[in-house]
Amino acid sequence: MTGQDTTAPTQQAPGRRDALTDVPGLRVGHARVAGDGALSGTTVVLAPEGGAVAAVDVRGGGPGTRETDALDPRNLVERIDAVVLTGGSAFGLDAASGVMAWLEEQGRGVRVGPDPAQVVPVVPAACLFDLGRGGDWRARPDATTGRAAVEDAARTEPGAAVTEGCVGAGTGAVAGQLKGGVGTASVLLPSGITVAALAVVNAAGSVLDPRTGVLYGEYGGAEPAVAPAPEIHETAQRRLAQARDADTRPPLNTTLAVVATDAALGRAQAQKLAGTAHDGLARAIRPVHLLTDGDTVFALSTGGRTLDPANPIALNDLLAAGAEAVTRAIVKAVRAATGVNGRGGGGTYPAYGDLYGAPQPPDSAPDGGDRDADSPSA
């Protein structure tokens, strides 16, 4: 045994970038659908050469996915080379075709013939609903968008920072009535193992406590959650109510995530990691996993480090860290997002920062006494 108490949550230090790319070999790329009426895009997580062990756990009642059955531990495919997260609802799953074509050109995939070029890349994908949010119902990702996203990932340096906010699959994402987006976070365990997550927040539920204005995912964090000043919160709630009243469309949303580690996991262990990572969604979004959500979490293991063979429950540390990383990735996504104001008839979605300003240090007065004059209530 390691002697570490794995029954209680612990706050762990983030990795160097506090991003998915803290897991060595993983790269992230984004692409956006072009056009004035477009508010959608695609994000690709590219595995290192040789691929990664992968798993998936789907808990939303309205998922849109591709190649997820291939990740069942009972089935053939051992490793995959990329994961696609995309807007455009089921139409957007076509983005995976562009990633598949690019991988084939690199000779990456499941070899199915005597020629090394005879490969079939297995590209698991999941989509979120953002149709019409830019005004044009038909503006959605396709194979060209997927190719652009994987090429963007391939151009990045190892360990590069990951762009957050309204990029890639998060371009048209919303969370309740707030603007959503892409966020990423990592945890560096005392063992030296890294666990990291990337989330695309597009939830039917809310990320915001209506009583206080605090993001749900900030409760129980490393620092005490600081409630915004009451007058700021009241103004924010009025603006959100106005935006909600003006939006007649049903909440057809989805939150997607990739949780990854450099620990060497088997496929069943990766499956467990994907499942427990959903706890991070439940901490940061309320309610979650509804019939109108397609909440999906992929897990990746690049296998650079081994778990302690003397500790039969060493995986527990990774499971706890995965949920923590997903929670923080969701918070970072919402904080990095920028608002959309009635663009092309696609709805008004203010950003958290538009309503509440930048996060305050823990010792700031909760009554807003230390806030700048240009805060949203000024």
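This section describes two helix pairs, their buried residues and several backbone features in a predicted model.

Helix α4 comprises residues 267–284, and its end C-alpha atoms lie 27 Å apart, in agreement with the 26 Å that its 18 residues should span at 1.5 Å a residue. Helix α5, formed by residues 315–336, has 22 residues and reaches 31 Å from its first C-alpha to its last, which is close to the expected 32 Å. Of the 22 residues of α5, 16 are buried, so that this helix is largely enclosed by the rest of the structure. In α4 the buried residues are Arg267, Ala270, Leu273, Ala274, Gly275, Thr276, Ala277, His278, Gly280, Leu281 and Ala284, and the elements that cover them include the strands β3 (52–58), β14 (256–263) and β15 (296–305) together with α5.

The axes of α4 and α5 come within 7 Å and cross at roughly 40 degrees; because angles of 35 degrees or more, but below 65, fall outside both the roughly parallel and the roughly perpendicular ranges, the two helices are therefore oblique to each other. Their crossing is right-handed. On the α4 side the contact is made by Gln269, Lys272, Leu273, Thr276, Ala277, Asp279, Gly280, Leu281, Arg283 and Ala284, and on the α5 side by Leu315, Leu318, Leu319, Gly322, Ala323, Glu324, Val326, Thr327 and Ile330. By class, this contact has 10 nonpolar, 5 polar and 4 charged residues.

Within this contact, Gly280 of α4 has a relative accessibility of 0% and so counts as buried, the cut-off being under 20%. When neighbours within four places in sequence are left aside, Gly280 is in contact with Ala323, Val326, Thr327 and Ile330. The C-alpha atoms of Gly280 and Gly322 are separated by 7.7 Å, although the two residues are 42 places apart along the chain.

A second helix pair is formed by α1 (residues 95–105) and α2 (residues 143–155), which pack at an angle of about 50 degrees with their axes 6 Å apart. That angle makes α1 oblique to α2, and the crossing of these helices is right-handed. Here Ala95, Ser97, Gly98, Val99, Ala101, Trp102 and Glu105 in α1 meet Ala143, Gly146, Arg147, Val150, Glu151 and Ala154 in α2, and by class the contact has 7 nonpolar, 3 polar and 3 charged residues.

Outside the helices, Ile193 is placed in the loop between β12 (181–188) and β13 (194–201), where it is buried with a relative accessible area of 5%. Apart from neighbours within four places in sequence, the residues in contact with Ile193 are Val187, Leu188, Thr261, Asp262, Ala263, Arg305, Thr306, Leu307 and Leu318. Ile193 and Gly15 are 178 residues apart in sequence, and their C-alpha atoms are 9.8 Å apart in space.

Backbone features were also noted in the loop between α4 and β15, in which Pro287 is found. A cis peptide bond joins Arg286 and Pro287, with omega at about -15 degrees. His289, which is found in the loop between α4 and β15 as well, has a positive phi of about 60 degrees although it is not a glycine, and at 24% relative accessibility His289 counts as partly exposed. A positive phi, of about 50 degrees, is likewise found at Asp18, again not a glycine. Asp18 lies in the segment before β1 (27–32) and is buried, with a relative accessible area of 15%.

Conventions. Residues are numbered from 1 along each chain as its sequence is written. This is a predicted model: local features need pLDDT of at least 70, side-chain atom pairs count only at pLDDT 80 or more; totals for chains, interfaces and linings use all residues. Side-chain values use heavy atoms; hydrogens and water are left out. Helices (H or I, at least four residues) and strands (E, at least two) are DSSP runs, numbered from the N terminus. Buried means under 20% relative accessible area, exposed over 50%, partly exposed in between (1.4 Å probe, protein chains only). Contact means heavy atoms within 4.5 Å. The expected span of a helix is 1.5 Å times one less than its number of residues. Axes are lines fitted to C-alpha atoms, for helices over the stretch in contact, and angles run from 0 to 180 degrees between N-to-C directions. Angles under 35 degrees count as roughly parallel, over 145 as roughly antiparallel, 65 to 115 as roughly perpendicular and the rest as oblique. A crossing is left-handed if the near helix is turned anticlockwise from the far one by less than a right angle, and right-handed if clockwise. Ala, Val, Leu, Ile, Met, Phe, Trp, Tyr, Cys and Pro count as nonpolar, Asp, Glu, Lys and Arg as charged, and the others, Gly among them, as polar.
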